[in-house]
Amino acid sequence: MAGLILVVDPVAATRIVMKAKLSAAFYDVEMARSLADAQQAAKAQPPDLVLISEGLPDADLAAACAALRKQPETRDVAILCLVEKAINARHLEPLRAGADDVAARPLSDAALFARLRAALRDQTARRDLAVRLLPSASMSATEIAWDAEPQGAVGIVSLRPGRALAWQAAFAVTRSARVEILDPGTILARSDRSEQHDVYVIDGDLGRHGDGLAMLSDLRARSRSPMAATLVVAPESDDTFTARAFDLGAGAVLDVATDSEAMAVRIQALLRRKRQADRLRAALDEGLALAMTDPLTGLMNRRHAFDRLAQLRGSYTCMIDIDHFKSINDRFGHAAGDDVLKSVAAALRRAQPDAPVMARIGGEEFLVVLDAATPAAALEKAEGLRRAAGGINAAPNHGVTVSIGVAQAMPGEAVDTLLARADAGLYRAKHNGRNRVLFAEAHPA
């Protein structure tokens, strides 16, 4: 887990005490007394987390958070704010400006370190996703509109109708989210394909003290809900409960006495981070898809197709080649040739939409794997591919045809051997006049 914490506090004694605590817990610590010092320290060594206190000589907390969010080195790091005494409306401004959490002193070591662990855990997960992306994609995915009013889906999990309705009404007024009140007794029984929520607000007291933590743990274990953010409402001011909630995966923990506006602002902060993580995952998925896809036709590329082919048994492999493709490029230009390739790919898709493998593996060569019960059935499907591609014109009065070689995968046969046999069938089809389908070897009727 990452562990460089930048402590920003105007009081030297407080900075020293905090550094001693964090160092004893094996965190690396840098210190700053002002926003300017913090910005300079971040340039020298970007932190994993900023722990910042109010009372800075050159900026209030909200302005400091906004400035750190504009600085490249701290643009997407976790920011935790510490304020004196109870949190009031003024302390919501840092959250709106980009802080991840605001906590009031005095704060026990257990509650502080639980917050730090949770923030650093999320930070590490985001960076693990970001480092797998190209720099340009990573920068785009991590950009957050910190001052925007995000919309999202929030599920309230509570057995107290009055409390749940009050939270729902508060969110509706602030337009911070679309809110649904959920039945704790049925939420875990929902199908993975049912509507998921961006944030779950979990009442810490679901019948018995602490039952909300069990619900939090169950939600985090579900196959899709781990991607959601969670806010747990503690039954009372209880540092032990707070620490347990953060360590079980809560994104935020609030006292039950927290007013609705403060809760809505916390929801907004959680939604921002949730969207950032979603964008990172989407960018990574897109990158993986591109690595497996032929950019011109959108079919599988050669490498991915061959990897998939090695996993299939008893299927029929078709090698497909566009007849006289060079003459199309020579007569009508490479742009027309590209259009033919795309049109053939689309025709093959329409003819066999459920084919387990469909790829462009060379300039004008395609590979399609067919599921068929018999050689005769495979031959019929391959003929369907040939007819589909034959309906394409490279230019007016210049139709396209394809030749196809088919081979059935044999038990224990290497992929290279299977492809060589299918290619032999393709060669025979070309040699025998093109625009036809031939098996690589004799087969039973």
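Where is G249 found? In this predicted model, G249 sits in the loop between α9 and β12 (252-255). That makes a handy place to start, and the wider chain can come afterwards.

Just after α9, G249 takes a positive phi of about 115°. The residue is a loop member, but is G249 buried or exposed? G249 counts as buried, because its relative accessibility is 13% and the cut-off for buried is under 20%. Setting aside neighbours within four places in sequence, the residues that G249 touches are R121, R220 and T230. There is also a long step in sequence to look at here: R117 lies 132 residues from G249 along the chain, yet 9.8 Å separates the C-alpha atoms of the two.

Going back into helix α9 itself, which covers residues 239-247, a run of buried residues turns up. F241, T242, A243, A245 and F246 are buried in this helix. Take T242 as the example from α9. Its relative accessibility is 9%, so T242 counts as buried. Which residues does T242 contact, leaving aside those within four places in sequence? The partners are R115 and V253. V253 falls within β12 (252-255), the strand at the other end of the loop that holds G249.

Further along the chain comes a hairpin, made of strands β14 and β15 with four residues joining them. Strand β14 takes in residues 357-360, and β15 takes in residues 365-370. The two run antiparallel and are held in register by four bridges. One pairing can be named: V357 has V369 in β15 as its bridge partner. Which way do the side chains of β14 point? V357 and A359 go one way, M358 and R360 go the other way, and all of them are buried. So R360, a charged residue by the usual grouping, is among the buried ones.

Helix α11, residues 302-309, is the place of F306, and this residue links up with the hairpin. Apart from neighbours within four places in sequence, F306 is in contact with I361, L367, V415 and L419. L367 belongs to the stretch 365-370 that makes up β15. Along the chain, F306 and L367 are 61 residues apart, and their C-alpha atoms are separated by 9.5 Å.

What about empty space inside the structure? A search of the whole structure turns up two cavities of 30 Å³ or more. The second largest has a volume of about 30 Å³. Its lining is made up of V7, D9, T14, M18, L51, S53, L82 and R105. Two elements each give two or more residues to that lining, namely α1 (12-24) and β3 (49-53). By type, the lining residues come out as four nonpolar, two polar and two charged.

Finally, the chain as a whole. How many helices and strands does the chain have? The count is 15 helices and 19 strands. The chain is 445 residues long, and 50% of them count as buried. Among contacts in the chain with a separation of 6 or more, 69% are between residues 24 or more positions apart. The accessible surface of the chain comes to about 20600 Å², and carbon and sulfur atoms account for 53% of that.

Conventions: Residues are numbered from 1 along each chain as its sequence is written. This is a predicted model: local features need pLDDT of at least 70, side-chain atom pairs count only at pLDDT 80 or more; totals for chains, interfaces and linings use all residues. Side-chain values use heavy atoms; hydrogens and water are left out. Buried means under 20% relative accessible area, exposed over 50%, partly exposed in between (1.4 Å probe, protein chains only). Two strands pair if DSSP finds at least two bridges between them. Contact means heavy atoms within 4.5 Å. On a 1 Å grid over the protein atoms alone, a cavity is a set of points where a 1.4 Å probe fits but cannot get out, and a pocket is an open set with protein on both sides within 12 Å along at least five of seven lines; lining residues have an atom within 4 Å of a point. Grid points are joined across faces, edges and corners, and a volume is the space filled by probe spheres set on the points. Accessible areas come from the Shrake-Rupley method with a 1.4 Å probe; for residues, only the protein chains shown count as cover.
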